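The following note is intended for a colleague who is meeting this structure for the first time. Its points are best read with the model in view.

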Amino acid sequence: MFIDEIKVFASAGHGGAGCVAFHREAYRPKGGPSGGNGGRGGSVILQADHDLNNLIQQYYVPRLIAEKGHAGMGKGMDGPAGKDLIIKVPCGTLVWRLTPKVIPGLTPGPEAAEVDEAAEEGEEEESPESPIMPISTGKRPVIRRSGSEMAYEINLEDEDDAEGASSSTRDPRKGELVVDLTTHGQQFVLCQGGRGGLGNRNFATARRQAPRFAQPGEPGDEGEFLLELRLIAEVGLVGYPNAGKSTLLTAISHARPKIAAYPFTTLTPQIGIVEYTKDYRRLAVCDVPGLIEGAHNNVGLGHAFLRHIQRCKVLVLLLDMAGTDNRKPWDDYRQLLSELELYDPALIRKPIYVVANKMDEPAAEGFLKQFKRKVPKTPVLPIAAGFDMGIDKFKALIREAVEESDAR
Ligand SMILES: Nc1nc2c(ncn2[C@@H]2O[C@H](COP(=O)(O)OP(=O)(O)OP(=O)(O)O)[C@@H](O)[C@H]2O)c(=O)[nH]1
Ligand SMILES: [Mg+2]
């Protein structure tokens, strides 16, 4: 099973409570407060790993719950911290936050109402109808005080502007983009564990030598997230089913996807690594399942897998030049471009190279001539992936294209 999108619930550990204890020992009467601090709760941490290519682990375990911190103990012993939960995800995983983050103190609640009342009492000049502190204009300080209370001034109009600017990090369906894990070993703290509470020995003063209270621990962060995998490859192979994409991937790399003479043989994206023996350069090539007309309306396998070519630097449109099943290569070409554009207009702004496959078939030459006439000014590389014809030229083409796009 290939899973490239999965919703998870993550919850970091609650901090352990501080302890109320008093020291007891022979010949030390009234030994004083000795309650230890609670340990901090474990965090939920995501770590990118290049050995994985799939979010299948999160499909089976979608609740990521880190350990709680342990409570403090007597004799001044602090509670152990909860273990962090490290979750390995494939490189190329995007994390979207589905539920808005709750920031304690900033979320309106009963405490906020109390603050307003205090503000009213402190400032007599304020009108009784408006419990809200008057906002300043222009470039006054953004931190405002009223008695001992302090408030941040937030200009909501500015916030709206900022949201508009960061629209690429927001998606109405997926929420807010929090991180893109691309390099092996990269870590991201998805949910921070709660702080442990202080034990009563921290509150002893000269006037209050036997405090009978301690802090409770703080709750850890939690929320629902969407993990989305977008494979990382330099070159993306796009084409109609049966065009020979898997055959081409087999010819240029050690990948061994299934090849057969029926459409939709490949059901999940496949990655192959092309090696250049001269200078050990390596390129990752991604073969996505075939696209057909109407894919944007979920015909065939739909657009589901096109996200995996969104990170590609170069796209290769592979056309079946033999016109198998009475298809016309020029129609396929236009249809593929329109399907790519319907999915994401940014895809057709990438460098796109056209490769004509199955040139060993007798009909292919004629079709190629017609194609060049119907789609002028588009260079076409003729190959026959099944017979290793033109493979070296293809490898050189994709390398040059990737280097060109890197230089840009
Ligand atoms: N004559 C000829 N047949 C080829 C060539 N390349 C691939 N084929 C045949 O075309 C058929 C489809 O090849 P695949 O590589 O499975 O095609 P695909 O594009 O991966 O197809 P899907 O996975 O279904 O999207 C197979 O029967 C191959 O043997 C070629 O260069 N010449
Ligand atoms: Mg295939």
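1. Two strands are said to pair if DSSP finds at least two bridges between them. The model discussed here is a predicted one. In it, strand E13 (residues 270-276) and strand E14 (281-287) are antiparallel partners joined over seven bridges. Within this pairing, Glu-275 stands opposite Arg-282 of E14. Four residues lie between the strands of the hairpin, where Tyr-280 takes a positive phi near 60°.

2. Two further residues deserve attention for their backbone angles. Most residues other than glycine have a negative phi. Phe-264, which is not a glycine, nevertheless has a positive phi of about 60°. Phe-264 belongs to the loop between H4 and E13, and it counts as partly exposed because 13 C-beta neighbours lie inside 10 Å, where 12 or fewer would make a residue exposed and 20 or more buried. Lys-75 likewise shows a positive phi, near 55°. Lys-75 sits in the loop between strand E3 (63-65) and strand E4 (85-90), and is partly exposed, with 13 other C-beta atoms within 10 Å.

3. The surroundings of ligand 1 comprise 25 residues, the closest being Gly-244, Ser-246, Thr-266, Gly-290 and Gly-386. Helix H4 (residues 245-252) makes the largest contribution to this shell, with three residues. By character, the shell consists of eleven nonpolar, ten polar and four charged residues.

4. Helix H7 (residues 391-407) has 17 residues, which at 1.5 Å a residue should span 24 Å; the end C-alpha atoms are 24 Å apart, in agreement. Which residues of H7 are buried? They are Phe-394, Ile-398 and Ala-401. These three cover an arc of only 65° around the axis, so they lie on the same side of H7. The face turned away from that buried side carries exposed residues, among them Asp-392, Lys-393, Glu-400 and Glu-404. The cover over the buried residues of H7 includes H4 and the strands E12 (235-239), E14, E15 (314-320), E16 (352-357) and E17 (380-382).

5. Helix H5 (residues 329-343) passes the corresponding length check: its 15 residues should span 21 Å at 1.5 Å a residue, and its end C-alpha atoms are 21 Å apart. Its buried residues are Pro-329, Asp-332, Tyr-333, Leu-336, Glu-339, Leu-340 and Tyr-343. Viewed down the axis of H5, they fall within an arc of 135° and therefore line one face of the helix. E12, E15, E16 and helix H6 (364-374) are included in what covers the buried residues of H5.

Methods. Residues are numbered from 1 along each chain as its sequence is written. Chains are lettered from A and ligands numbered from 1 in the order in which they are written. This is a predicted model: local features need pLDDT of at least 70, side-chain atom pairs count only at pLDDT 80 or more; totals for chains, interfaces and linings use all residues. A residue is near a molecule or strand if its C-beta atom, placed from the backbone, lies within 6 Å of it. Helices (H or I, at least four residues) and strands (E, at least two) are DSSP runs, numbered from the N terminus. Ala, Val, Leu, Ile, Met, Phe, Trp, Tyr, Cys and Pro count as nonpolar, Asp, Glu, Lys and Arg as charged, and the others, Gly among them, as polar. The expected span of a helix is 1.5 Å times one less than its number of residues. The arc is that of the directions from the helix axis to the C-beta atoms. Two residues are in contact if their C-beta atoms, placed from the backbone, lie within 7 Å.
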